[in-house]
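Subject: A structure for you to look at

Hi,

Here is the structure I promised to pass on. Please open it next to this note, and then read on for what turned up.

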Amino acid sequence: TATWLAPMMRELLDRYVGKDWEQRQSDPRLWDRIDAIPDEELWQVHCCLKERTVTAARERVKAFRLGAGESAEYIGAAESALDPEALTFGFARRVATYKRLSLLLHDAERALHMLNMPGKPVQFIISGKSHPGDSEAKRLIQFLFRVRFDPRVLRRAVFLVDYNMSIAREMVQGVDVWLNLPRRPMEASGTSGMKASMNGVLNCSVMDGWWAEAYDGTNGWSVGVEQDYSDSTQQDAEDAESLYSTLEQQIIPLYFDRDARGVPVGWVQRMKANLKTILPVFNTQRMVSEYVEKIYAP
């Protein structure tokens, strides 16, 4: 947990959960103290982390464009790419075909419309690497780069090259929603979503891997249905529809529903539910303790 938890979030937990929370993190009762964190304070910490993530993403994108010899206009666009006030989705992992980064653009026009809704800005920070031998995954990344000059995308989506642990840490600490879209039942676990959750980032994921255990209806969102498909094309189409509908009807309206202080109270309540239900279960201490108590000691 300490590896991926943002220092600002850790300081918040120290104050409201207790400085000994790391030694007791597998105790679910301890995390009821999350409710004591004022909504405005939790939201302010999250906004600071998001602004830091956006700044880091801009710097990485500008450096890449300079190195690639892009036009001065395109390089300059990096300086104003992304908006710290926008609803920010993160998608970062191996670009294996079954992880379906392509689902984001399954209906390209619908996706582009969501990026540009008046008064409800939405944006994507994407990163990842494909296996050198995975030609289909490489073609997918190439497709994403082909739409990079579209004015509807230019400042609303970035791809961070050379994905590594530093980029991963920046992203899991500072986006609003972590997307995970594997083709069921091929997801083994999905640890990036756990890392995002401990920073208050909400998951929107296919019900596979860890999310099938963690999701309870209050701590994030699910995509698709838990059923077997014989036709992967049909599965992709139905999951894409579920993804778009969830974004349009649930996630985007909730994020932009603010009180007089500018705080999205409903969103912050989900952040708290996320911290309370996921932190005590999906951590190394709990895992090692269970091995000791249930396997090694007996």
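The protein has 11 helices and 6 strands. Please keep in mind that this is a predicted model. Its radius of gyration is 19 Å, close to the 19 Å that the globule rule gives for 298 residues, so the protein is as compact as a globular protein of that length. If you are setting up a box, the C-alpha trace spans about 60 × 50 × 35 Å along the principal axes. Buried residues account for 50% of the 298 residues. As for contacts between residues at least 6 apart in sequence, 73% of them join residues at least 24 apart.

Now to the empty space, which I suspect you will want to see first. Rolling a probe the size of a water molecule over the atoms shows where such space is left.

How many cavities of 30 Å³ or more does a search of the whole structure find? There is 1, and its volume is about 420 Å³. The lining is made of 24 residues, and those closest to the centre of the cavity are Ile126, Leu144, Val153, Ala157 and Val158. Two or more lining residues come from each of α2 (39-67), α4 (108-115), β2 (122-129), α5 (135-146), β3 (157-160) and α9 (232-255). By class, this lining has 21 nonpolar residues, 3 charged ones and no polar ones.

The open sites come next. The largest pocket holds about 380 Å³ of space. Its lining has 16 residues, with Met194, Phe282, Asn283, Thr284 and Met287 the closest to the centre. The elements that give two or more residues here are α7 (191-197) and α11 (284-296). The largest share, 7 residues, comes from α11. Sorted by class, the lining of this pocket has 7 nonpolar, 5 polar and 4 charged residues.

The second largest pocket has a volume of about 250 Å³. It is lined by 16 residues, and Ala92, Arg93, Lys99, Thr191 and Ser192 are the closest to its centre. Here β1 (87-94), α6 (165-174), β4 (177-180) and α7 each give two or more residues to the lining. The classes divide into 7 nonpolar, 4 polar and 5 charged.

Since α6 has just come up, a word on that helix. At its N-terminal end, Asn164 acts as a cap: a side-chain oxygen of Asn164 lies 3.1 Å from the backbone nitrogen of Ser166. The buried residues of α6 are Ile167, Ala168, Met171, Val172, Gln173 and Gly174. An α-helix has 3.6 residues a turn, so residues three or four places apart point the same way. Which elements cover the buried residues of α6? The cover includes α2, β1, β2, β3, β4 and α7.

There are also some backbone details to check before you run anything. Most residues other than glycine have a negative phi, and most peptide bonds are trans. Against that background, three places deserve a look:

- Arg184 and Pro185 are joined by a cis peptide bond, with omega about 0°. Pro185 sits in the loop between β4 and α7.
- Arg100 has a positive phi of about 55° although it is not a glycine. Arg100 is found in the loop between β1 and α4. Is Arg100 buried or exposed? Its relative accessibility is 1%, so Arg100 counts as buried.
- Asp162 also has a positive phi, near 55°, and is a residue other than glycine. Asp162 is placed in the loop between β3 and α6. With 56% relative accessibility, Asp162 counts as exposed.

One last residue: Ser205, in strand β5 (residues 202-206). Ser205 is buried, with a relative accessible area of 1%. Leaving aside residues up to four places away in sequence, Ser205 touches Asn180, Trp211, Trp221, Ser222 and Val223.

That is everything from my side. Have fun with the model, and write back with any questions.

Best wishes

Definitions and conventions
Residues numbered from 1 in each chain as written. Predicted model: local features only at pLDDT ≥ 70, side-chain atom pairs only at ≥ 80, totals over all residues. Heavy atoms only, no water. 1 Å grid on protein atoms, 1.4 Å probe; cavity = no way out; pocket = protein on both sides within 12 Å on 5 of 7 lines; lining within 4 Å. Points joined across faces, edges and corners; volume = space filled by probe spheres on them. Helix = DSSP H or I, 4+ residues; strand = E, 2+ residues; numbered from the N terminus. Nonpolar A, V, L, I, M, F, W, Y, C, P; charged D, E, K, R; others polar. Buried < 20%, exposed > 50% of the residue type's maximum accessible area, 1.4 Å probe, protein only. Contact = heavy atoms within 4.5 Å. Polar contact = N/O pair within 3.5 Å; in protein donor to acceptor, adjacent residues only side chain to side chain. Rg over C-alpha atoms; globule rule 2.2 N^0.38 Å.
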